[in-house]
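Hi everyone, thanks for coming. Let me put the sequence and the model up on the screen, and then I'll walk you through it.

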Amino acid sequence: MHGAIAPVWDTAPVGPSPELVLAQPPPPSPPSPSQPAAAPRFARLASRYRVYRLPAFLLAAALLAVVGLATVVGLRSFAESAEWVEHSYQVIAELESTLAATRTVESSARGYRLTDRPDLHAEYLSSIPAALSHSAQLIALTRDNPLQHRLARDIERRVRQRLAEIDRLLELHLRDPQQARLSSLTSNGAEQMRALTAVADNMREHERGLLASRDARTERNAALLTALVIGGLLLALSLLALLMLSLWQENRRSRALERESRQALAELEASAAERQRLTERHRSLSHYAGLLQSCQTLEEALDMTAHVIADLIPELGGRCYVLRASQNLAETAARFGREAIASADLLHPNDCWALRRGQVHRSQAHDGGVRCAHLERADPQRAHAGDDDPRWSLCVPLMAQNTSLGLLCLSGARPPREADLALVQSIAEQLSLAIVNLQLRETLRVQSLRDPLTGLFNRRYLEENLQRELLRCQRRHLPLSVLMLDVDHFKRFNDTHGHAAGDALLARIGQLLQELVRNEDIACRYGGEEFTIVLPEADAEAAAQRAERIRAAIAATTIVHLRQTFGPATCSIGLATSQGERDTPQQLLQSADAALYRAKAEGRDRVVDGNRSAAVASDARA
Ligand SMILES: Nc1nc2c(ncn2[C@@H]2O[C@H](COP(=O)(O)OP(=O)(O)OP(=O)(O)O)[C@@H](O)[C@H]2O)c(=O)[nH]1
C-alpha cells in the first residue's frame with residue numbers, strides 16, 4: 001500500500017517514506033554570511049603569536065621606560081653641557097675683560113703722563129681693581145682645569161707685573177717727569193704686554209678647543225639620544241600596535257564566536273522545537289491511524305481525517321473527495337480549513353491531474369498550464385503582470401491496489417513546508433487504507449447478508465432489519481406489510497427440468513423482485529423457493545396491489561436455460577400488515593405465512609391478505 005501513491009512533489013523523485021521524512025531532523029543551516037570566509041593572514045598570525053602578547057607588552061613597557069630614562073639623562077646632560085659652554089664663554093669673557101682692563105690701565109696712565117689730565121688719572125685708578133678683579137675671577141673660573149688654571153695664574157702674574165711697571169713709571173712721572181720719560185723709553189712694558197697677550201691667546205685658544213670638544217660631545221649625545229628615543233619609541237609603538245591588532249582580532253573573534261554561539265543556540269532551540277513538533281505529529285498520526293481502524297463508516301473516517309488535518313496543519317484548507325461506485329464522478333465528502341484556491345464540489349476524474357496520473361500533483365497560483373480543471377481559474381491579469389502569488393494547491397490521490405478511491409485536495413496561501421506535505425501524504429495513505437478496509441468490510445457485510453443465487457437479502461438480514469423497520473413505523477404510526485411468496489409446485493419443476501433450471505428460475509424471480517420493490521423495501525430469500533418482502537409504510541391495500549403485480553409478473557415470465565425455455569411458473573403470496581403497536585416481527589411473519597398457506601390451500605397462483613377474514617384471491621386468468 002505504501003507504494004500505491006508515488007510521493008512526487010511536482011517533478012521531485014520518489015523520496016523516503018513519510019514517516020522517515022517526518023522523523024528527519026531539520027537540515028543544518030548554511031554558514032551565516034556574517035561569518036568571515038577566511039581570516040586575513042595577518043590576523044591568523046596575530047592569533048598564532050598570542051602567547052607572545054605578554055612578553056611583547058612587557059618589552060614595550062621596558063622600551064618606553066628606557067626611552068623616558070634616556071630622555072631625562074639626555075636632558076640633564078644637555079643642561080650640564082650648556083653650563084660648561086656658558087662656563088667657557090665666561091672664561092673667555094673674563095680673559096678679554098682682564099686684557100681690556102689692563103690695556104685701559106696702560107692707556108689711561110700713558111695719557112695722564114702725557115697730558116696730566118686728572119680724569120685720566122682717575123680712570124687709571126679705577127681700572128686697576130677691574131683688571132685685578134677680572135684676573136682673579138679668571139683664576140676662580142679655571143679651577144676645574146689645571147692647564148687653564150695655570151695659564152690664568154700666569155696671566156694674573158703678568159697683569160700684576162704690568163700694573164706694577166705702569167705704577168712705577170707713574171710714580172716716577174710725578175716725581176721727575178724727565179726721568180720718567182727716559183725710563184719709559186727703556187721700559188719693557190711693550191714686551192710685558194706682548195707676553196701677556198700671547199699667554200691670553202694661548203688660554204683663549206685652549207678654551208675654544210674645550211668649547212668645540214664640548215659642542216661635539218653635545219651633538220653626539222644629542223644624535224645618540226635622538227636615535228635612542230626614536231628607535232625606542234618606534235619599537236615600542238610597533239609592539240603596542242601589534243598588541244592592539246592582536247587584541248582587536250581577539251575581540252572580533254570573541255564577538256564572532258558569541259554570534260555563532262547565539263545562532264547555534266537558536267538553531268538548537270528551533271531544532272528541538274521542530275523535533276517536538278514532529279514527535280507530536282507522529283503521536284497524532286499514530287493516534288489517527290488507530291482511530292481510523294475503528295471507524296465504522298466512510299463518513300466517519302473522512303470527518304475524522306478532515307478534523308486531523310485542520311488540527312495539525314491549520315494553515316491549510318481543502319476537501320476530501322470520494323469516487324462514486326461508477327467511478328465517473330468524485331464528490332466532496334468532507335471539508336477542512338479555508339481553501340486558498342476554491343475547488344469544485346463535484347469533479348470528473350479527468351479534471352484532476354492527480355486522479356488521471358495516479359500521482360501527487362502540485363501547482364502554484366498562476367501556474368495556469370498545469371492547474372487542475374476543478375480548481376478556481378487563475379487570474380490571467382495577475383499572471384501576465386508577473387505578480388508573485390504564493391498560493392498553491394496540492395492534489396493527493398487516494399489509491400489502493402492501483403484503484404482510485406478518491407482525492408485529497410488542499411491549498412494554502414503561503415508556500416508549504418515539506419514536512420507538512422509529507423504529513424498530508426502520510427494521512428492520504430492512511431486514509432486510502434482505511435477506505436479500502438471499510439469498503440472491503442462493507443462488501444463482506446453485504447455478502448454475508450445477501451443470498452448469492454438471487455442477490456436478495458438473506459433471512460439473517462431480514463431478521464435484523466424487520467425489527468428495526470417495524471419499530472420505526474410503529475413509532476411514527478405508519479403501517480408495515482410483509483409478503484410471503486412461495487413458488488408453486490417447485491419440486492415438480494425441479495424434477496421435470498432439473499435442479500439447475502430450478503436455480504435459474506429462482507434467480508429470475510429474485511431479479512424480478514428487486515425490480516418490482518422500492519429502494520426502501522426489503523426483498524429477501526427466506527429459504528428454498530420461499531421469499532419475503534418487507535414493505536415499510538405500505539398499508540394492506542398498497543401491499544396487496546404490490547403483491548398482485550409481483551404474482552402477475554412471475555406468472556408472465558419464462559426463463560431460458562441451456563437454450564431451452566421453461567415456464568412460466570406461478571407463485572402464491574400471503575400478506576400481513578402491522579396495524580397495532582403490539583405486533584412483533586414473529587407475529588407478522590406467522591400471519592403472512594398463514595395467509596400463504598391459505599393461498600396454497602385455495603388453489604395456488606394467488607394473493608391472500610391475512611388481514612382479512614376472507615381471502616382476496618385473484619385469478620390469474622381474470
Ligand atoms: N433448484 C432448487 N431447488 C430447491 C432449492 N431449494 C429448495 N429446492 C427444492 O424446492 C422443492 C420444494 O418443494 P416443496 O416444499 O414440496 O413444495 P412445492 O413442490 O413447491 O409444492 P408447493 O409449495 O406445495 O406448491 C424441494 O424439492 C427442494 O429440494 C434451490 O435452491 N434450488
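Let me start with a small puzzle: which residue in strand 9 is the bridge partner of Cys-524? The partner of Cys-524 is Thr-532. I'll come back to that pair shortly.

A word on ground rules. Residues are numbered from 1 along each chain as its sequence is written. This is a predicted model, so to speak of local features we need pLDDT of at least 70, side-chain atom pairs count only at pLDDT 80 or more, and totals for chains, interfaces and linings use all residues.

Now, how confident is the predictor? On pLDDT, its confidence in each residue from 0 to 100, the chain averages 86, and 88% of the residues score at least 70. Helices and strands here are DSSP runs, H or I over at least four residues for helices and E over at least two for strands, numbered from the N terminus. Strand 7 has the highest confidence in the chain, at 98, while helix 1 (residues 18–23) has the lowest, at a mean of 40. Please be careful with two stretches: pLDDT stays under 50 over residues 1–38, and again over residues 613–622. For the complex, the predictor gives an ipTM of 0.96 and a pTM of 0.51.

Overall, the chain comes to 16 helices and 13 strands. Of its 622 residues, 30% are buried, meaning that 20 or more other C-beta atoms lie within 10 Å of the residue's own, with C-beta atoms placed from the backbone.

Back to our puzzle pair. Strand 8 and strand 9 (residues 530–536) run antiparallel and are joined by five bridges; two strands pair if DSSP finds at least two bridges between them. Besides Cys-524 with Thr-532, Ile-522 has Val-534 as its bridge partner. The two strands form a hairpin with two residues between them, where Gly-528 takes a positive phi near 55°. Strand 8 is mostly covered, with five of its six residues buried.

Zooming out, we find an open sheet of five strands in the order 8-9-7-12-13, with mixed pairing. Strand 8 (522–527) and strand 13 (607–609) are the edges; each has a single partner strand, so one side of each lacks a neighbour in the sheet. From one strand to the next, the twist averages 20°. Helix 15 (residues 540–555) lies across strands 7, 9, 12 and 13, running at about 165° to strand 12 (571–578). Angles here run from 0 to 180 degrees between N-to-C directions, with axes fitted to C-alpha atoms, for helices over the stretch in contact, and contact means C-beta atoms, placed from the backbone, within 7 Å.

And now the ligand, which I suspect you've been waiting for. Where does Gly-528 turn up again? Among the 16 residues around the ligand, those that come nearest are Phe-490, Lys-491, His-499, Gly-502 and Gly-528. A residue is near a molecule if its C-beta atom, placed from the backbone, lies within 6 Å of it. Strand 7 (480–487), helix 13 (490–497) and helix 14 (499–516) are the elements that give two or more residues to this shell. By type, the shell has eight charged, five polar and three nonpolar residues. Here Asp, Glu, Lys and Arg count as charged; Ala, Val, Leu, Ile, Met, Phe, Trp, Tyr, Cys and Pro as nonpolar; and the others, Gly among them, as polar.

Methods: A residue is buried if 20 or more other C-beta atoms lie within 10 Å of its own, exposed if 12 or fewer, and partly exposed in between; C-beta atoms are placed from the backbone. pLDDT is the predictor's confidence in each residue, from 0 to 100.
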